[in-house]
Amino acid sequence: MTQTPLTDQNPTRAELARLCAEGRVVTLANCRLDDLDLSGLDMSGWTFDTCQMARCVLRGTRLDEAQFSGCRGAGVIFQGANLTDANLEGCDFSNANLRGTTLTDTTLRRCKLTGADLTEAQILGITLEEVLFVLAILPKLSFRKMTLRQINFSDADMRSCDFRDTVFEDCSLRDAHLVDGRFQNADLRGADLGGIRLSDARRFKGAVISKQQAAILLGELGLKVM
């Protein structure tokens, strides 16, 4: 396919739709896509480099194998989009709508997704490193058998999430909402468990924690570990 670069531009939907129709694979560098509605387009394999994407609408858009690097897109809407095999690195997509998004084999590295909504997202094979999910909405997602590195889930809604056999490395679950979560055989020694009440401890049956973490949990009952 023909490679087409667009640099320092404010493209319209019509211009980008035409490139899609021509089967072009486009590199958008330092472009402004704020408030642009790109719903339903086939942008497979496109590159978004340091683009401004605040409130950009990508509902149902094909973005498989797309590359996002250094983009800023508060409130961006990826709802129902296909991001299979896509790579997102160094992006700030705070408060993004990722409901029902396909994130199969997607890589998220050094990204900020504070307050993002991933309800019903498909995350099979996802790779996560250095991601901020603070206050994110992540119900019923499965992180089973994954190794999570520097993931901050503080205050996140993680009802019914599956963390069985998951390894946490330098992560935070501080004050996360973990009702009906599954942590059997998880290695939690690399996770901040601050704010976890002992009444939640049954959810961690079979998980591995450190002596220091055990002392923190018991401290919630006013007990001291000597």
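Which residues line the largest cavity? Keep that in mind while you get your bearings. The model on your screen is predicted.

**Stop 1: the whole chain**

Show the protein chain as a cartoon. You will find two helices and eleven strands. Follow them along the sequence and the pattern reads β-α-β-β-β-β-β-β-β-β-β-β-α. Next, show the C-alpha trace. Along its principal axes the trace spans about 70 × 25 × 20 Å. The chain has 226 residues, and 48% of them count as buried. Now consider contacts between residues at least 6 apart in sequence: 5% of these join residues at least 24 apart.

**Stop 2: the largest cavity**

Back to the opening question. Select F78, L88, F93, A96, L98, L103, L108 and L113, which line the largest cavity. The space inside comes to about 40 Å³. Colour the lining by class: eight residues are nonpolar, none is polar and none is charged.

**Stop 3: the second largest cavity**

The structure holds two cavities of 30 Å³ or more. For the second largest, select L108, L118, I123, I126, L128, F133, L141 and F143. Its volume is about 30 Å³. The lining again sorts into eight nonpolar residues, with no polar and no charged ones. Keep L108 highlighted for a moment. L108 is part of the largest cavity's lining and also part of the second largest cavity's lining.

**Stop 4: aromatic pairs**

Show the aromatic side chains. There are eleven aromatic pairs in the model. Start with F68 and F93, an edge-to-face pair. Their ring centres are 6.1 Å apart, with 85 degrees between the planes. F68 sits in strand β4, residues 67–69, while F93 is in the loop between β5 (87–89) and β6 (107–112), so the pair ties together parts 25 residues apart in sequence. Are these two residues buried or exposed? F68 is buried, and F93 is buried too. You have already met F93, in the lining of the largest cavity.

Go on to F163 and F183. This pair is stacked, at 5.0 Å centre to centre and 15 degrees between the planes. F163 lies in the loop between β8 (147–152) and β9 (167–169). F183 lies in the loop between β10 (171–172) and β11 (191–192). The two are 20 residues apart, and the pair links distant parts of the chain. Both F163 and F183 are buried.

Now widen the selection to F133, F143, F153, F163, F168 and F183. Together they form one aromatic cluster. Two of these names are familiar: F133 and F143 are in the lining of the second largest cavity.

**Stop 5: R164**

Select R164, in the loop between β8 and β9. Its relative accessible area is 17%, so R164 counts as buried. Show side chains here and look for D162. A polar contact of 2.7 Å joins the side chains of R164 and D162. Then expand the selection. Beyond its neighbours within four places in sequence, R164 is in contact with R144, K145, R182, F183 and Q184. F183 is the stacked partner of F163 from the previous stop.

**Stop 6: E89**

Jump to E89, in strand β5. With a relative accessible area of 25%, E89 is partly exposed. Which residues does E89 touch, not counting those up to four places away in sequence? Select F68, S69, G70, R109, R110 and C111. R110 deserves a closer look: its side chain and that of E89 are joined by a polar contact of 3.3 Å. F68 is the edge-to-face partner of F93. For a distance check, pick the C-alpha atoms of E89 and E130. They are 9.8 Å apart in space and 41 residues apart in sequence.

**Stop 7: T61**

Finish at T61, in the loop between β3 (47–49) and β4. Is T61 buried or exposed? T61 is buried, at a relative accessible area of 1%. Its side chain reaches the backbone oxygen of L38 at 2.8 Å. Leaving out residues up to four places away in sequence, T61 touches L38, S39, G40, L41, M43, A81 and N82. Last, zoom out and select L217. T61 and L217 are 45 Å apart, C-alpha to C-alpha, and 156 residues apart in sequence.

Technical notes: Residues are numbered from 1 along each chain as its sequence is written. This is a predicted model: local features need pLDDT of at least 70, side-chain atom pairs count only at pLDDT 80 or more; totals for chains, interfaces and linings use all residues. Side-chain values use heavy atoms; hydrogens and water are left out. Rings of Phe, Tyr and Trp (its six-membered ring) pair if their centres lie within 6.5 Å; planes under 30 degrees apart count as stacked, over 60 as edge-to-face and the rest as tilted. Helices (H or I, at least four residues) and strands (E, at least two) are DSSP runs, numbered from the N terminus. Buried means under 20% relative accessible area, exposed over 50%, partly exposed in between (1.4 Å probe, protein chains only). On a 1 Å grid over the protein atoms alone, a cavity is a set of points where a 1.4 Å probe fits but cannot get out, and a pocket is an open set with protein on both sides within 12 Å along at least five of seven lines; lining residues have an atom within 4 Å of a point. Grid points are joined across faces, edges and corners, and a volume is the space filled by probe spheres set on the points. Ala, Val, Leu, Ile, Met, Phe, Trp, Tyr, Cys and Pro count as nonpolar, Asp, Glu, Lys and Arg as charged, and the others, Gly among them, as polar. A polar contact is a pair of N or O atoms within 3.5 Å; within protein, one must be able to donate a hydrogen and the other to accept it, and residues adjacent in sequence count only if both atoms are side-chain atoms. Contact means heavy atoms within 4.5 Å.
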